[in-house]
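Visitor: I should like to learn how to read a protein model step by step. Where shall we begin?

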Amino acid sequence: MKEILKITDLRKTFNLSLKQRKLEGTNVKKKVAVDGLSFSAYEGEIYGLLGPNGAGKTTTLRVISTLIKADEGDVFVDGISVKENPDEVRKRIGFMTSEMKMEGFFTPNYLFDFFSELHNVPEQVKKSRKDMLFKKFGIDKFAEVKISDLSTGMKQKVSLAIALVNDPKILVFDEPTSGLDVITAKVVTDFLLSLKEEGRTIIISTHIFSLVEKVCDRVGIVIDGKMKVSDTIGNIMGGKSLEEAFFEIYKGSEGKEQ
Amino acid sequence: MKNIFAIFKKELRRFFTDKRMLFMLIMPGIIIFALYSLIGNFIPEADPDYTYIVYVENDTAEFASFHTNEMYKTEIHSISEWDKESVLNAIKEGDVHLFISYEEDIINKIATYEPSSGDPAPRIEMYYNSSSMESSNIFTYYSGILNAYEATISNKFDINPGLTQYDMATQEDMTARVLTSMLPYMMMIFLFSGCMAVVTESIAGEKERGTIASLLITPIKRSELAIGKILALSVTSLVSAGSSFIGLLVSLPQLLKGMNFTLDIYTPGAYFALLAVLIVTVLIFTVLLSMVSAISKSVKEATSYGVPLMLIVVVLGLSTLMSTGSVKSIWLYLIPLYNSVQCLVGIFSLTFNPMHFVVTVISNLLFVVGGVFVLAKMFNNEKIMFSR
C-alpha cells in the first residue's frame with residue numbers, strides 16, 4: 001500500500017501564558033504538546049489517534065493541516081513536506097474540526113461554491129461534486145437555508161461536504177462525531193467508511209472507543225504527546241476490548257513516568 | 001460601610017490588576033501627550049517678523065502708541081494713500097489685514113462727550129476679515145486695547161456701532177470657514193466609526209467564531225486573504241462613512257439657515273480630491289484596525305484595543321476646529337492620518353495644495369502596502385491567530 005501520510009519525530013512546544021500557568025498549577029513557561037511523535041498512514045486506510053484530553057492529538061492534526069508549524073520533525077502528505085511546501089499540502093487535504101465553524105450568515109450552497117473557488121475547482125467539477133455530496137448527506141433540501149438556522153447534525157454534514165470540495169487524498173477529522181446525536185453520528189461513521197472504500201486516507205482523532213473499533217484499521221495511542229503504540233486494531237486489542245487494552249497501556253505509561 | 005469598602009476594593013482590583021484595563025486607563029494621556037508633542041514639534045511657530053498691514057483714517061498722536069507692541073509687528077498706512085473702497089476690497093483679498101477709521105477730531109470729541117447726554121458717542125470703526133487668521137489676530141489685538149482704553153475713560157466712544165458690516169469675509173469665506181471647522185473632524189470620526197464596526201466584526205469576529213481557520217487551510221496566500229479582506233472592508237466602511245457624510249451635507253443647509261449656505265464654492269476637482277483622501281484614509285483605518293483585530297481574541301477585545309486609535313483620531317480631528325488653512329510643511333504630509341486631516345482642511349478652506357494632496361495619497365498608499373504585508377505575516381503567525 002502507498003504511504004500517503006508520514007510523520008517523523010514531530011515535536012511541538014507551546015509557551016504558557018501566566019493565566020495558563022496558574023490554571024495548570026505550574027511555573028514552567030513551556031508545555032511540550034507533542035514529543036517526538038512518528039507514524040504513517042496508507043492509501044485507503046482509516047488511522048485513529050486515540051488518547052485522553054491534552055495528549056497532543058489535536059495539535060498533531062493541526063500540524064498536518066498546516067494550521068500550526070512543528071518545532072522539530074516534519075509531516076509529509078503524499079510525499080510533500082508540510083514544512084517546505086504548505087500551500088501544496090493544503091491542496092491535497094481536507095480538514096474538519098469542531099473548532100472550525102462556518103459563517104452562520106451564509107448558506108451551504110454559497111459556502112461550497114466559495115471554498116471550491118479558493119481551491120480552484122473547475123465549475124463543472126464543482127457542480128457535479130456538490131450535487132453528489134449534497135444528495136448523499138441530504139443537504140440538498142437545505143442548500144439555501146442559512147447555516148445558523150440548521151441543526152447541529154446538518155451543520156456537521158455541511159462541514160463534511162465542504163471538507164471534500166477539493167476531492168482530497170487525505171482527510172483529517174478531529175472528533176468527527178463529537179456532539180452529534182446517534183443518527184447523525186451513524187451517517188458520519190458510514191460516510192467515513194464509504195470514503196475509505198473510495199481509496200482515501202482518513203486520520204481521525206477521538207476518545208470514543210466504539211468509533212475507533214468500528215472504523216479504524218490502525219490506531220495510534222497518544223499519551224502526553226508521545227506515541228505509545230501504533231498498530232492494527234486487532235494487535236492492540238489482543239483479544240480484549242479496546243477500552244481495556246487502552247487503559248492497560250495508559251496505566252503502563254503512568255508507571256513508567258513515575 | 002464594610003460592604004461598600006469590599007465592593008470598592010473589588011472594583012479597583014478589577015481595573016488596576018487587569019493589564020488590558022490598565023492599558024486603557026493610562027493610554028489616553030500618553031497618546032495625547034505624544035501626539036501633541038509630535039505635532040507641536042513639526043508645526044512651525046508663528047513668524048515673529050510677520051508684518052500686519054493696517055490702514056488708518058484720521059489717525060491721532062494719542063492713539064499712535066497702540067501701533068507699537070511686541071506681539072504684532074504692524075505697518076501703518078494712512079487711508080489718504082488709497083480710497084476706502086479699495087482698502088476694503090484688499091481686506092477681502094487678504095492683502096490688507098485691518099482698516100481703522102477714527103471719527104474726525106476724535107480726541108476733542110471724546111473729551112467733550114457726555115455719555116448722559118443721549119447723543120451718539122464718537123465712533124471708531126474697524127474693518128477686518130474673520131476668515132483670515134492674520135486679520136482676526138490683529139483685529140482682536142486692536143479691539144482689546146481700545147476697549148481697555150475706553151473703560152478707563154468712562155465709555156466715551158463706541159467701537160463698531162450700528163448695523164454696518166465690519167467683517168469683510170465673503171459668503172464664500174464664511175462657508176469655507178464653517179465647513180473647515182466642522183467637516184474634517186466629523187468626517188474622520190464617521191470614517192473611523194464605520195471602519196471600527198465592520199473590521200472588528202470581520203477579523204476578530206472570525207477568530208472568535210472559529211471561521212478564520214477554515215480560510216487558513218485553503219491554498220490561498222495569506223497576502224491574498226489580507227488584501228481581499230482590506231478591500232472589502234474598506235468598501236463597506238466607505239459606504240457607511242459616505243452615508244453619514246451625505247446625511248451631514250444634506251442637513252447642513254438646515255443647520256446653517258442664517259448663512260445662505262452653499263456647496264457651489266467647491267469645484268469638481270475639490271470633490272475628486274475629497275473622495276481620494278477619503279478612500280486612502282479608510283484604507284489606513286482598515287489596515288490599522290485589521291492589525292488590532294488580528295491580535296484580539298474577540299470583537300469585544302478588538303473594540304477595546306481600538307479605543308486608543310479612536311483617541312488619536314479625535315485629537316487629530318479636534319486640532320482642525322480653529323483652523324483656517326492647512327499646514328504648509330510638506331514633511332507633515334508624510335504622516336498618515338495627520339496628512340488626511342490637513343488635506344481635508346486644505347480642501348474645505350479653499351487652500352488646497354496639489355503637492356500636499358499627491359504626497360498624502362502616495363504616503364498613505366505606501367503605508368497601506370506595508371500594512372498588508374504585516375497583516376499577511378500576522379495571518380501566518382499561529383501565536384497570533386490561535387492564541388487562547
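Guide: We begin with a term: helices and strands are DSSP runs, numbered from the N terminus. Please keep in mind that this is a predicted model. With that term, one residue can be placed: Pro115(B) lies in the loop that joins helix 4 (106-112) to strand 4 (123-127) of chain B.

Visitor: Is Pro115(B) buried, partly exposed or exposed?

Guide: Buried means under 20% relative accessible area, and exposed means over 50%. Pro115(B) has a relative accessible area of 42%, so it is partly exposed.

Visitor: Which residues is Pro115(B) in contact with, leaving aside its neighbours within four places in sequence?

Guide: Those residues are Ser154(B), Asn155(B) and Lys156(B). By contrast, Val369(B) is 254 residues from Pro115(B) in sequence and, from C-alpha to C-alpha, 71 Å from it in space.

Visitor: How should one read the place where two chains meet?

Guide: The size of an interface is often given as the accessible area lost when the parts come together. Here, chain B and chain A bury about 1900 Å² between them, and carbon and sulfur atoms give 55% of that area. On the side of chain B, the residues that lose the most area to chain A are Ile217(B), Pro219(B) and Glu382(B), which together account for 36% of what that side buries.

Visitor: How many residues of each chain are in contact?

Guide: There are 18 residues of chain B in contact with 23 residues of chain A.

Visitor: How many salt bridges are counted between chain B and chain A?

Guide: The count is 2. One salt bridge between the chains pairs Lys12(A) with Glu382(B), whose closest N and O atoms are 2.4 Å apart. In addition, 5 residue pairs are found in polar contact across the interface of chain B and chain A.

Visitor: Which helices of chain B each supply at least two residues of the side that touches chain A?

Guide: They are helix 6 (171-209), helix 7 (212-216) and helix 13 (382-385). Helix 7 gives the largest share, 4 residues. Sorted by class, this side of chain B has 7 nonpolar, 5 polar and 6 charged residues.

Visitor: What can be said of chain A as a whole?

Guide: Chain A has 10 helices and 10 strands. A compact globule of 258 residues would have a radius of gyration near 18 Å, and the 19 Å of chain A agrees with this. The C-alpha atoms of chain A fill a box of roughly 55 × 45 × 35 Å along the principal axes. Of its 258 residues, 50% count as buried.

Note on methods. Residues numbered from 1 in each chain as written. Chains lettered and ligands numbered in written order. Predicted model: local features only at pLDDT ≥ 70, side-chain atom pairs only at ≥ 80, totals over all residues. Heavy atoms only, no water. Contact = heavy atoms within 4.5 Å. Buried area = accessible area lost by both parts, 1.4 Å probe. Salt bridge = Lys/Arg side-chain N within 4 Å of Asp/Glu carboxyl O. Polar contact = N/O pair within 3.5 Å; in protein donor to acceptor, adjacent residues only side chain to side chain. Nonpolar A, V, L, I, M, F, W, Y, C, P; charged D, E, K, R; others polar. Rg over C-alpha atoms; globule rule 2.2 N^0.38 Å. Buried < 20%, exposed > 50% of the residue type's maximum accessible area, 1.4 Å probe, protein only.
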